[in-house]
Amino acid sequence: MAQQAYMTETDNGGSGSGPQPTRFRRLCERLTRGWRGDRRIWRRGLVLAACAVLLALVMLAHGHIPNAIGNLGSLVDTFLPWLGLLIPVLLVLGLIRRSATALIATILPVAVWLDLFGGLLTDKTATGGDLTVATHNVNADNPDPSATARDVAASGADVLALEELKASKVPTYERALASTYKYHEVVGTVGLWSKYPLSDVKAVDIRLGWKRAMRATVDAPAGQVAVYVAHLPSVRVKLEAGFTARQRDKSADALGEAIADEPLPNIVLLGDLNGTMNDRALNAVTSQMRSTQGAVGSGFGFSWPASFPMARIDQILVKGAEPESSWTLPATASDHLPIAARVRVTPQGD
């Protein structure tokens, strides 16, 4: 009787002195209620399981999706990381359907996505480097070019590339950046500002008919660096034509040829390539250069559109020079985010 005085009734008829189920355990029990003894959990959700396998195959073999129809392959390449958003949808639907088969099949796209992009979830930024570079598509219709110039100069970049320069606004950028950068050159709609001397400046023919790419030698303290600035043609997604990128692809091939012929061992490419590192159409460039973001950045580093970044189409790529850190800069009045990186110039004797 004395022992019973210390016992209270619980909702399930048990004793209050026993361990209480945690909130997570109660949630799990609620979700799996009715699963025990249900032999149909393996037969339900076969369509969901097939969708999970198909999603895994698309991500795994995205490079083999043909571009013959509307450049579908390049479109998938560009937004490949976002396919991961379909995984939680499949998980929820699998739980709703109470399908063990669908839930187990979802492991496949999870594994593939982590294999492709899991490395971007960690911070690989390191200290060091002897040259800070930055690039920004400033937008031809930028309403406040002076503020944009000051913002990117505040990044501390030794070398700054600007793309989509409107001729009437070039003097504004020159005035705003004059106190920070002693040297600068503008070729067509792209420009390069540097704290160190520039030489061998020339336009790079990317088969457009007008100048949207340039090359210059930067005499940095650690050694000479060939810096390329490029703004590849824009791409469009159209219902009647798909992912229109033919001119961009031709320009990428021409840019890749110019970089392959570069005699200097340290090369940095800055610019708006209108494509991601996954896009096979940029292979002429990306196959011979490293992305600073992919090598030493933190996160995906999406740069466009600035209001809700969904893709990193602005790039800093290196060849010879070693990337040390890479990051995205705060938004300006442009529709792109500026990006920056710090690299180590490899001595020419190495």
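# Reading the labels in this model

Guide: Welcome! A first detail of the strand pairing: lysine 319 in E12 is the bridge partner of isoleucine 267. Everything here comes from a predicted model, where local features need pLDDT of at least 70, side-chain atom pairs count only at pLDDT 80 or more, and totals for chains, interfaces and linings use all residues. Residues are numbered from 1 along each chain as its sequence is written, and side-chain values use heavy atoms, leaving out hydrogens and water.

Visitor: What makes strand E10 and strand E12 a pair?

Guide: Two strands pair if DSSP finds at least two bridges between them. Residues 267-272 (E10) and 314-319 (E12) share six bridges in the antiparallel sense, so they qualify. Strands here are DSSP E runs of at least two residues, and helices are H or I runs of at least four, numbered from the N terminus.

Visitor: Why are E5 and E11 called edge strands?

Guide: The open sheet has six strands in the order E5-E6-E7-E10-E12-E11, with mixed pairing. Strand E5 (198-203) and strand E11 (290-291) each pair on one side only. Helix H9 (residues 246-260) packs on this sheet, touching E7, E10 and E12, and its direction makes about 170° with that of E7.

Visitor: How do you know that the buried residues of H6 line one face?

Guide: Those residues of helix H6 (107-117) are Pro109, Val112, Trp113 and Phe117. Down the axis of H6 they fall within an arc of 105°, so they line one face; the arc is taken from the directions between the helix axis and the C-beta atoms. The face turned away carries the exposed residues Ile107 and Asp115. Among the elements covering the buried side are helices H2, H4 and H5, with contact meaning heavy atoms within 4.5 Å.

Visitor: Why is phenylalanine 117 called buried, and what is phenylalanine 300 called?

Guide: Buried means under 20% relative accessible area, exposed over 50%, and partly exposed in between (1.4 Å probe, protein chains only). Phenylalanine 117 has 4%, so it is buried, whereas phenylalanine 300 has 21% and is therefore partly exposed.

Visitor: What makes tryptophan 82 and phenylalanine 302 a stacked pair?

Guide: Rings of Phe, Tyr and Trp (its six-membered ring) pair if their centres lie within 6.5 Å; planes under 30 degrees apart count as stacked, over 60 as edge-to-face and the rest as tilted. These two rings are 5.7 Å centre to centre with 25° between the planes, so both tests are met. Tryptophan 82 lies in the loop between H3 and H4 and phenylalanine 302 in the loop between H11 and E12, so the pair ties together parts 220 residues apart in sequence.

Visitor: Why is the pair of phenylalanine 117 and phenylalanine 300 called tilted?

Guide: The ring centres are 5.9 Å apart and the planes stand at 50°, so the pair is tilted. Both residues belong to one aromatic cluster with Trp82, Trp113, Phe302 and Phe308.

Visitor: What makes glutamate 164 and asparagine 274 worth a look?

Guide: Most residues other than glycine have a negative phi, and most peptide bonds are trans. Glutamate 164 has a positive phi near 60°, and asparagine 274 has one of about 50°. Glutamate 164, at 23%, counts as partly exposed, while asparagine 274, at 11%, counts as buried.

Visitor: How do you know that the bond between tryptophan 304 and proline 305 is cis?

Guide: Omega is about -10° for that cis peptide bond. Proline 305 is found in the loop between H11 and E12.

Methods. Axes fitted to C-alpha atoms, helices over the stretch in contact; angles between N-to-C directions.
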